[in-house]
Amino acid sequence: MRAATYSIALVAGDQGVAECVVNYFGPGQGGGVDANIERWRGQVLGADGKPATAKIDKRATRGIPITLIDSSGTYTGMGGPMMAGSKPAAGYRLLGAIVEGPGGSVFFKLTGPAKTIAAQQKNFEQLLASIQPDK
């Protein structure tokens, strides 16, 4: 279930769509961390048409595990019948984070033209750093 979609303003010279999507499916739902990271990897292709090189990182914020992905290339989006009209977009970047909360994982995915995402990377990192468990 999509919990939120945030539209991101493009930097000068960029074209396309930039957004941050937040998904939450509930306790035990949404698939495993590794499967989701691999799915996201498959959404960004390199020049050879294969999944682009992705940097994967693991960290914890206030004891909450977070797995991150950073990949650049041609973004193919979600795929499937609901996205049949979308076309691959070259020069895109995907920053993703899976936050393993006690009530289920929360999925954050920031995508858009590479320069725009680079300009928003610090804000994305601040968002992740602000995560804390319920009191």
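Me: Let's start with helix α1. Which of its residues are buried?

Reply: Happy to walk through it, keeping in mind that this is a predicted model. Helix α1 spans residues 33–41, and its buried residues are V33, N36, I37 and W40. To read a helix like this, look at where such residues point around the axis. Here they cover an arc of only 100°, so they sit on the same side of α1. On the other side of the helix, D34 and A35 are exposed.

Me: What do the buried residues of α1 pack against?

Reply: They pack against strands: β3 (44–45), β4 (54–61), β5, β6 and β7.

Me: And how do I read the pairing of strands? In which sense do β1 and β2 pair, parallel or antiparallel?

Reply: Look for the bridges between two strands and the direction in which each runs. Strand β1 (residues 2–7) pairs with β2 in the antiparallel sense, over five bridges. One place to look is Y6, which stands opposite C20 in β2. Strand β2 is also joined to β7: the two run antiparallel, with six bridges between them. There, Y24 has V106 of β7 as its bridge partner.

Me: Now the nonpolar core. How many residues does the largest one have?

Reply: A core is read as a network of buried nonpolar side chains that touch one another. The largest one here has 17 residues, and those with the most contacts inside it are A97, V99, F108, L110, F124, L128 and I131. At least two residues of this core come from each of β2 (19–24), β5 (64–75), β6 (89–101), β7 (104–113) and α2 (114–129). Apart from it lies another core of twelve residues, including V33, I69, Y75 and L94.

Me: Can we zoom in on F108? What is F108 in contact with?

Reply: For a view of packing across the fold, set aside the neighbours within four places in sequence. F108 then contacts V21, V22, W40, L95, G96, A97, V99, F124, L127, L128 and I131. Among these is W40, one of the buried residues of α1.

Me: One polar residue caught my eye, T67 in strand β5. Why does T67 count as buried?

Reply: The cut-off for buried is under 20% relative accessible area. T67 counts as buried because its relative accessibility is 2%. Beyond four places in sequence, T67 is in contact with V33, I37, I56, D57, K58, G96, A97, I98 and E100. With K58 there is also a polar contact of 3.4 Å between the side chains.

Me: How far from T67 is N23, going by C-alpha atoms?

Reply: Those two C-alpha atoms are separated by 15 Å, while T67 and N23 are 44 residues apart along the chain.

Notes
Residues are numbered from 1 along each chain as its sequence is written. This is a predicted model: local features need pLDDT of at least 70, side-chain atom pairs count only at pLDDT 80 or more; totals for chains, interfaces and linings use all residues. Side-chain values use heavy atoms; hydrogens and water are left out. A nonpolar core is a set of buried Ala, Val, Leu, Ile, Met, Phe, Trp, Tyr and Cys residues joined through side-chain atoms within 4.5 Å. Buried means under 20% relative accessible area, exposed over 50%, partly exposed in between (1.4 Å probe, protein chains only). Helices (H or I, at least four residues) and strands (E, at least two) are DSSP runs, numbered from the N terminus. Contact means heavy atoms within 4.5 Å. The arc is that of the directions from the helix axis to the C-beta atoms. Two strands pair if DSSP finds at least two bridges between them. A polar contact is a pair of N or O atoms within 3.5 Å; within protein, one must be able to donate a hydrogen and the other to accept it, and residues adjacent in sequence count only if both atoms are side-chain atoms.
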